[in-house]
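Please look through the model shown here before reading on. The questions below go from its cores to a sheet, a helix and a ligand.

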Amino acid sequence: MADLIVDGAMIDIISDLYQNAYRNSLIIPEAYEAEGFFSRLGTSGRWLFFTAAPLKNSEGKIVGAIETLQDITERKVAESALLKAQLEVEEIVEQRTAQLADMNSTLRRDVERREQLEYELTKRNSELNLLNAKLVTTQEHLVQSEKLASIGQLAAGVAHEINNPIGYIFSNYGMLESYLGSLFEMLNAYEDAEKSCGDSDIVKELQARRVALEVDFLKEDIPDLMKESKEGIVRVRKIVQDLKDFSHVDAKPEWSFANLNQGIDSTLNVVNNEVKYKADIIKEYGELPLVQCLPSEINQVVMNLVVNAAHAIGPDRGKIWIRTGVENESVWIEVTDNGSGIPKEVVPRIFDPFYTTKPVGKGTGLGLSLSYGIIQKHRGQIDVHTVIGKGTTFRLVLPLKQTDKAE
Ligand SMILES: Nc1ncnc2c1ncn2[C@@H]1O[C@H](COP(=O)(O)OP(=O)(O)OP(=O)(O)O)[C@@H](O)[C@H]1O
Ligand SMILES: [Mg+2]
């Protein structure tokens with residue numbers, strides 16, 4: 001290189017001679033740097049790095065050149081070892097990347113399979129939920145018909161047993177009334193006859209007997225007794241009739257057009273015993289058209305509400321209002337009490353089957369759940385409004401007609 005610089009031929013041939021293994025020096029102008037492997041140096045050849053710089057006189061003419069040589073074999077060996085290691089690392093990274101991509105796609109397939117499974121599970125779950133809901137309603141219906149049937153049978157049995165004796169008491173009573181009339185008439189005739197008998201001992205004795213037996217009082221009191229008894233018998237007959245109406249034993253539950261005010265009255269007679277010692281019943285009925293319904297089941301609902309209302313009333317005598325009315329194409333029935341009210345956290349549960357706050361043996365917790373089912377069957381609505389310590393109102397709304405009563 002130094003020779004070429006001195007000859008001034010450097011610029012023309014350096015690129016041929018050294019190809020890419022040279023460069024212009026970054027530090028000294030017109031100087032060159034190059035490196036190369038010299039196989040005949042040392043035992044197995046050496047790498048050399050050399051620079052050549054021109055020497056110039058004061059006029060700037062090249063008068064010589066300085067060339068330095070540096071053995072860079074060790075650096076080169078280290079560099080090639082590094083390169084090899086780097087290549088190895090790259091190969092390993094490539095391998096790993098391929099493995100990872102493999103694993104990734106397996107994982108993705110796995111996730112897809114899982115998603116599919118999950119979807120199927122969710123589907124199955126919602127099918128099961130649906131089935132469960134159906135089961136619950138079926139069960140409710142079963143329990144309801146069982147409860148209705150047993151109450152109906154009991155009521156029917158009692159009504160039947162009482163009906164016959166009341167029948168002959170009632171008819172005998174009519175006879176008794178007319179016989180008593182005849183006896184009184186005869187007695188009056190005797191009394192009149194006495195007066196015309198003069199003052200004999202027999203007449204005196206008769207008068208003494210009459211005073212002793214208080215016959216004048218009997219004549220006044222017997223008609224009163226008879227009147228009261230008649231009222232009693234008429235009431236018993238009415239109760240028996242109501243029991244029969246309530247239980248509707250003769251017929252299977254059938255959709256018919258019923259007068260709900262009348263139904264409520266007969267239901268009230270049936271539950272009278274449960275209510276009369278606890279509350280006064282205040283009826284505020286509106287004029288109702290006939291409503292298409294299962295009358296015995298609506299009676300059952302009203303009975304549940306009235307009995308619940310009576311149970312909600314504390315030790316002091318309370319009040320239960322029963323109101324009815326028409327609104328649009330529906331009728332409504334409200335049962336309001338001034339009892340305990342229902343705590344906020346209890347309200348969402350009162351329609352649940354078997355939910356009761358009453359002591360064991362007192363309530364089964366089925367009343368409202370059955371009522372809810374019955375009102376749903378009628379495509380109606382049952383709502384509750386309650387204030388703690390003030391009382392509770394249950395409101396039923398029933399459509400006048402069922403669009404598809406065959407169901
Ligand atoms: N008018 C009301 N006032 C206060 N609480 C009420 C009233 N009606 C219902 N409840 C509450 O709702 C619960 C559930 O009533 P539901 O009629 O379903 O069952 P129950 O009366 O306890 O038992 P069952 O009616 O089967 O004999 C009652 O235990 C009571 O706590
Ligand atoms: Mg109840």
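What follows is a set of questions with reasoned answers.

This is a predicted model, in which local features need pLDDT of at least 70 and side-chain atom pairs count only at pLDDT 80 or more, while totals for chains, interfaces and linings use all residues. Residues are numbered from 1 along each chain as its sequence is written, chains are lettered from A and ligands numbered from 1 in the order in which they are written, and side-chain values use heavy atoms, with hydrogens and water left out.

Q: Which element gives the most residues to the largest nonpolar core?
A: A nonpolar core is a set of buried Ala, Val, Leu, Ile, Met, Phe, Trp, Tyr and Cys residues joined through side-chain atoms within 4.5 Å, where buried means under 20% relative accessible area (1.4 Å probe, protein chains only). The largest one has 38 residues, of which L260, V306 and I320 touch the most other members. The elements that give it two or more residues include α6 (260-275), β8 (318-327) and β11 (391-399), helices (H or I, at least four residues) and strands (E, at least two) being DSSP runs numbered from the N terminus. The most, nine residues, come from α7.

Q: Which strands stand at the edges of the open four-stranded sheet?
A: The strands follow the order β1-β2-β3-β4 with antiparallel pairing, and two strands count as paired if DSSP finds at least two bridges between them. β1 pairs with β2 (residues 32-38) over three bridges, and one bridge joins Y22 to A34. Because each has a single partner strand, one side is left without a neighbour in the sheet for β1 (22-24) and β4 (62-71).

Q: Is α8 largely enclosed or exposed?
A: Among the buried residues of α8 are G367, L368, I374 and I375. Just after this helix, R379 takes a positive phi of about 55°. Eight of the 11 residues of α8 are buried, so the helix is, with respect to the rest of the structure, largely enclosed.

Q: Which residue has a side-chain N or O atom 2.8 Å from an oxygen atom of ligand 1?
A: Ligand 1 is surrounded by 21 residues, the closest being T356, T357, K358, T364 and L368, where a residue counts as near if one of its heavy atoms lies within 4 Å. A backbone N or O atom of G367 lies 3.2 Å from a ligand oxygen atom, and a side-chain N or O atom of D337 is 2.9 Å from a ligand nitrogen atom. The residue at 2.8 Å from a ligand oxygen atom is N308.

Terms used:
Buried means under 20% relative accessible area, exposed over 50%, partly exposed in between (1.4 Å probe, protein chains only). A polar contact is a pair of N or O atoms within 3.5 Å; within protein, one must be able to donate a hydrogen and the other to accept it, and residues adjacent in sequence count only if both atoms are side-chain atoms.
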